[in-house]
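Please look at the sequence and the model below before reading on. The text walks through them one topic at a time.

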Amino acid sequence: MMMDLASTPVALHQYLNGTWAEGQGREIDSRAAADNSQVLARGRAASEEQVDAAFAAAHQAKKSWAATPMAARAAYLIAAASYLKEHAEQFGEELAGEEGKTRAEGIGEVLRAAQIFTYYAGEAERAAGTVFRSPRAGEQILVTSKPLGVVGIITPFNFPIGIPAWKIAPALVFGNTVVFKPASLVPILALRLVQALEYAGLPAGVLNLVIGPGALGDRFIANEHLNGLSFTGSTAVGRRLCAAGAARGVPVQAEMGGKNAAVVLADADLDLASEQVLFGAFRSTGQKCTATSRLILDDGIAEDFLARLITRLEQWTTGNPLDPKVHMGPLVDAKAAASAREGIDRALGQGALLRFQGKAPETGSYLAPTILELPTGEAGRENCAWREEFFAPILAVCTVSGTDQAFEAAEDSEFGLSLALFTSNLSVALAAEQALDVGILHVNSESAGADPHVPFGGVKASGYGPKEQGAAAREFYTHTTTTYLRG
């Protein structure tokens, strides 16, 4: 079944204290990524007063929610996960239509959100604290975790249900109440996520949804009831929110930009590497913070590798994301596509060579897979395609001689989120783990990808505060109390 993009637009509403309400701000809509003239959802944005009402509701609900047994909190997540799985095909098609990734990727993301909910529901059966030995007779030292309170969650457009799920699930299961603001470009999947938790019977005020422009984030950080903020988005906005949070003493967790490298050494399996680099750079139209956007090739295998990669890309189909034969859909909107094309033009003007550009529809927000070959040495490293995050299917390539130069090039970035290394030498892989300052290192697999049971996040300009997912989530969504207990 394929979604009818011409059907009646989804009505956009805010979810405040357990009730769906019309927004009080300006009119907003969500448009199909493949055809920006098609309206998929329409409504009114939340007003600043509605943001305040959402925080007031979350504040009112936080004591009773924190006192709810974790097993009961987990049961809401399990029920919501079941709802998401039941509706995965519908929601995945809506995701593909709205954001632009393929239907298969959209359905996969909905199922991943369900998996994340199920994983965090398991916290009810994991260790709740730690007992330490005391140096004093007759005493024990207990370290237990408590929820922060009211948590603000601000998410980007590129994973409109996956990223909200991996923030909201741990926030709720650890006893926090939530005010959630999705990217206004992709509100439909935010509605669906909240509907899943409403279906599960989540008490009023525990989760509140406000849809509107990015400026509402400033209202979040200023609200008196905010006890913590989790943000995913650009480095510039993230750092501004971090600074504002620090000024108020409010903890902020920020997952920000990336300019991730794939390093292919002379001893790599080139067939495997070319497949994985293609996936890392061009799946989801390159709209991933973990996408491969820099490719570092040993000069001994550079031409052979590029020939294999280009051969694969020549079979890569760009088009309607709802077509099962398509490998890559459009960018999220025309503005994103225009920005990416402008980036390509600037890179070419700075000396890059257009090594490959595939075919794509000339309408809508499409951009074909693009490979830019940069000059060797310092000139290539100063090119905008090496430095800037285009968030598009654009891969910048440079050549080096040997492992040391490859590692040096990989480290030549303000960002430090993810890196893919291709080598058959275990010693080199182990050395990379120590030498390369990134939050995520993939050896012989693509740079993109994250499992819910392990930490996710970057270093340098890519991240701030505790990591996300896995046991690391507890570090942000709770604080500890150390109790000296003497009988």
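What follows takes up the aromatic pairs, the salt bridges, one histidine and the internal cavities in turn.

The model is predicted, and local features are taken from it only where pLDDT is at least 70. Side-chain atom pairs count only at pLDDT 80 or more.

Begin with the aromatic rings. The model holds nine aromatic pairs. One of them joins Trp65 and Tyr76, whose ring centres are 5.7 Å apart and whose planes stand at 45 degrees, a tilted arrangement. Trp65 belongs to helix H1 (residues 48-67) and Tyr76 to helix H2 (residues 70-86), so this pair links distant parts of the chain, with the two positions eleven residues apart in numbering. Trp65 and Tyr76 are both buried.

A second pair is made by Trp166 and Phe456. Their ring centres lie 5.1 Å apart and the planes meet at 50 degrees, so this pair too is classed as tilted. Which parts of the chain does the pair of Trp166 and Phe456 tie together? Trp166 sits in helix H5 (residues 162-173), whereas Phe456 sits in the loop between strand E20 (440-443) and strand E21 (459-460), so the parts joined are 290 residues apart in sequence. Trp166 is buried, as is Phe456. Elsewhere, Tyr83, Phe91 and Tyr199 make up one aromatic cluster.

Turn next to the charged side chains. The count of salt bridges comes to 24. One of these is between Arg103 and Glu89, with 3.5 Å from N to O. It links helix H4 (residues 103-121), which holds Arg103, to helix H3 (residues 88-99), which holds Glu89, and the two residues are 14 apart in the chain. Is this bridge made by buried or partly exposed residues? Arg103 has a relative accessible area of 22% and is therefore partly exposed, and Glu89, at 38%, is partly exposed as well.

Asp218 and Arg240 form another salt bridge, at 2.6 Å from N to O. Asp218 is in helix H7 (residues 216-222) and Arg240 in helix H8 (residues 235-248), 22 residues apart. Asp218 has a relative accessible area of 36%, so it counts as partly exposed. Arg240 falls in that class too because its relative accessibility is 43%.

A third salt bridge connects Asp412 with Arg387, at 3.0 Å from N to O. Asp412 lies in the loop between H14 and E18, while Arg387 lies in helix H13 (residues 384-387), and 25 residues separate them. With 29% relative accessibility, Arg387 is partly exposed. Arg387 and Asp412 also belong to a network of salt bridges that takes in Arg381 and Glu382.

His225 is a useful stop on the way to the interior. The residue is located in the loop between H7 and strand E11 (228-232). Is His225 buried or exposed? Its relative accessibility is 18%, and buried means under 20%, so His225 counts as buried. Apart from neighbours within four places in sequence, the residues in contact with His225 are Phe55, Ala56, His59 and Val150.

The last topic is enclosed space. Rolling a probe the size of a water molecule over the atoms shows where empty space is left. How many cavities of 30 Å³ or more does the model contain? The count is two. The largest cavity has a volume of about 90 Å³. Its lining consists of 14 residues, and those nearest the centre are Gly286, Ala291, Ser293, Glu389 and Phe391. By class, the lining of the largest cavity is made up of six nonpolar, four polar and four charged residues.

The second largest cavity encloses about 70 Å³. This cavity is lined by 14 residues, with Arg294, Ala410, Phe415, Ser418 and Val438 closest to its centre. Strand E13 (260-264), helix H14 (403-411), strand E18 (415-416) and strand E19 (418-422) are the elements that each give two or more residues to this lining. The lining of the second largest cavity divides into six nonpolar, four polar and four charged residues.

Definitions and conventions:
Residues are numbered from 1 along each chain as its sequence is written. Side-chain values use heavy atoms; hydrogens and water are left out. On a 1 Å grid over the protein atoms alone, a cavity is a set of points where a 1.4 Å probe fits but cannot get out, and a pocket is an open set with protein on both sides within 12 Å along at least five of seven lines; lining residues have an atom within 4 Å of a point. Grid points are joined across faces, edges and corners, and a volume is the space filled by probe spheres set on the points. Ala, Val, Leu, Ile, Met, Phe, Trp, Tyr, Cys and Pro count as nonpolar, Asp, Glu, Lys and Arg as charged, and the others, Gly among them, as polar. Helices (H or I, at least four residues) and strands (E, at least two) are DSSP runs, numbered from the N terminus. A salt bridge is a side-chain nitrogen of Lys or Arg within 4 Å of a carboxyl oxygen of Asp or Glu. Buried means under 20% relative accessible area, exposed over 50%, partly exposed in between (1.4 Å probe, protein chains only). Contact means heavy atoms within 4.5 Å. Rings of Phe, Tyr and Trp (its six-membered ring) pair if their centres lie within 6.5 Å; planes under 30 degrees apart count as stacked, over 60 as edge-to-face and the rest as tilted.
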